[in-house]
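Student: Could you take a close look at the aromatic residues and explain, in one connected account, how they are placed? Please give the cut-off for each term as you go.

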Amino acid sequence: MISNRSALPRDTRTLRRMLSEKEVLLIERERIIAEKETQLAERDRLLAVRDAELYAKTLQIEHLKAQLAVLRRTRFGRSSEKLDREIEQLELLLGELEEGVAESNARAEQAEQEPASPRRATPRDHKPTGRKPLPAHLPREQVTHSPQGACSCCGGTVLRKIGEDVTEVLEYVPGSFRVTRHVRPKMSCRCCETITQPPAPSLPINRGLAGPGLLAHFLVGKFCDHLPLHRQAEIYARDGIDLDRSTLADWVGQCARLLRPLVEAVGAHVMAAERIHADDTTVPVLAPGNGKTKTGRIWCYVRDDHPFAGKAPKAILYCYSPDRKGEHPKAHLAGFKSILQADGYAGYAGLYARDQQERQQKLGYGNG
């Protein structure tokens with residue numbers, strides 16, 4: 001320590017000059033370290049962008065492979081009914097891959113928008129999204145964001161409008177319940193003391209508390225969205241509506257009775273066609289008691305006269321049966337006397353034979 005102190009100059013000017021040189025060296029060293037850190041951060045950012053892009057391209061390749069598998073199985077499959085379950089699984093896979101692609105693209109954009117040093121965005125950094133416009137029939141609610149009263153640069157208060165940017169955001173307003181109160185005042189005549197009152201409104205279910213909108217809502221949920229009644233009851237319970245499954249089941253039966261004339265009208269329209277297309281498909285049905293499902297059948301009868309220059313509206317009649325016995329299409333088509341286009345299912349053979357016998361009887365054959 002004594003030797004080091006003795007080596008230092010005793011002139012204050014020389015000491016100050018040496019200290020300033022040391023400070024310059026330290027500043028230069030800190031600048032070099034900062035540049036190295038910036039270069040490392042930029043390299044890490046580029047690596048993150050490349051990794052995200054590589055992951056996105058990998059997912060897109062798998063996406064295209066899954067789409068190709070769907071198309072091949074649809075084209076070269078044995079029958080569409082047997083491939084429905086596999087196609088559903090592939091569609092789920094496609095959905096997961098699309099979610100992964102969207103997530104990786106978001107990560108890549110986030111990495112690109114967070115550079116190591118501030119820089120101005122160039123035109124080549126912008127990538128067109130190709131987003132489809134929102135449907136024009138949806139109602140619009142306009143929210144105007146008023147600018148500040150003064151210029152942020154110079155503080156001037158005289159501003160004039162030169163344009164505007166519009167950003168449309170798709171929103172969802174959850175469905176809500178409401179109660180409709182039908183008030184029927186009782187009126188008394190001053191002359192004869194007769195009491196009169198307007199008649200009660202006509203409701204879909206007699207003495208029921210469900211309006212037509214609610215009935216249509218839970219019927220669509222059951223038959224179109226495949227929501228069982230007990231799940232719908234749980235959904236309604238979150239809004240404080242106490243509806244038992246048995247009550248909903250009773251409403252389903254009442255609605256089936258109300259819609260029966262409409263079903264019969266559709267069936268009469270379909271069966272009045274010159275030709276119909278018939279087919280059947282499987283449907284899983286719960287088997288009460290054992291917690292399993294059994295296979296039922298949905299019979300489909302289609303009227304479409306447009307390919308033959310017909311002007312009658314298109315219609316489809318659906319009929320259910322617990323099995324695929326030939327007696328079911330015979331019962332469905334008991335009054336049909338025209339052309340039936342169907343596959344080679346043996347259950348239709350009796351219909352063709354019956355039609356041939358009727359024609360032979362009309363022509364006078366087959367009596368001997």
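**Aromatic pairs and their surroundings**

Tutor: Trp299, at 0% relative accessibility, counts as buried (under 20% relative accessible area; exposed is over 50% and partly exposed lies in between, with a 1.4 Å probe and protein chains only). The model is a predicted one, in which local features require pLDDT of at least 70 and side-chain atom pairs count only at pLDDT 80 or more, while totals for chains, interfaces and linings use all residues. Residues are numbered from 1 along each chain as its sequence is written, and side-chain values use heavy atoms, leaving out hydrogens and water.

Searching the whole structure yields three aromatic pairs (rings of Phe, Tyr and Trp, the last by its six-membered ring, with centres within 6.5 Å; planes under 30 degrees apart are stacked, over 60 edge-to-face and the rest tilted). One of them joins Phe177 and Tyr236 edge-to-face, at 5.4 Å centre to centre with 90° between the planes. This pair links distant parts of the chain, 59 residues apart: Phe177 lies in the loop between α3 (80-112) and β1 (187-188), and Tyr236 in helix α5 (residues 229-237). Helices (H or I, at least four residues) and strands (E, at least two) are DSSP runs numbered from the N terminus. Phe177 is partly exposed, at 35% relative accessible area, whereas Tyr236 is buried, at 3% relative accessibility.

Trp299 itself pairs with Tyr345 in a tilted arrangement, 6.1 Å centre to centre and 45° between the planes. Here too distant parts of the chain are linked, 46 residues apart, with Trp299 in strand β4 (residues 292-303) and Tyr345 in the loop between β6 (339-341) and α8 (349-363). Tyr345 is buried, with a relative accessible area of 16%. The charged end of Arg324 sits over the ring of Tyr345, 4.1 Å from its centre (NZ of Lys or CZ of Arg within 6 Å of the ring centre and within 35 degrees of the ring normal).

Strand β4 also takes part in the largest nonpolar core, as one of the elements that supply at least two residues. That core has 16 residues, and those with the most contacts inside it are Met271, Ile276, Tyr301, Leu333, Leu340 and Tyr348 (such a core is a set of buried Ala, Val, Leu, Ile, Met, Phe, Trp, Tyr and Cys residues joined through side-chain atoms within 4.5 Å). In soluble globular proteins, nonpolar side chains tend to be buried together.
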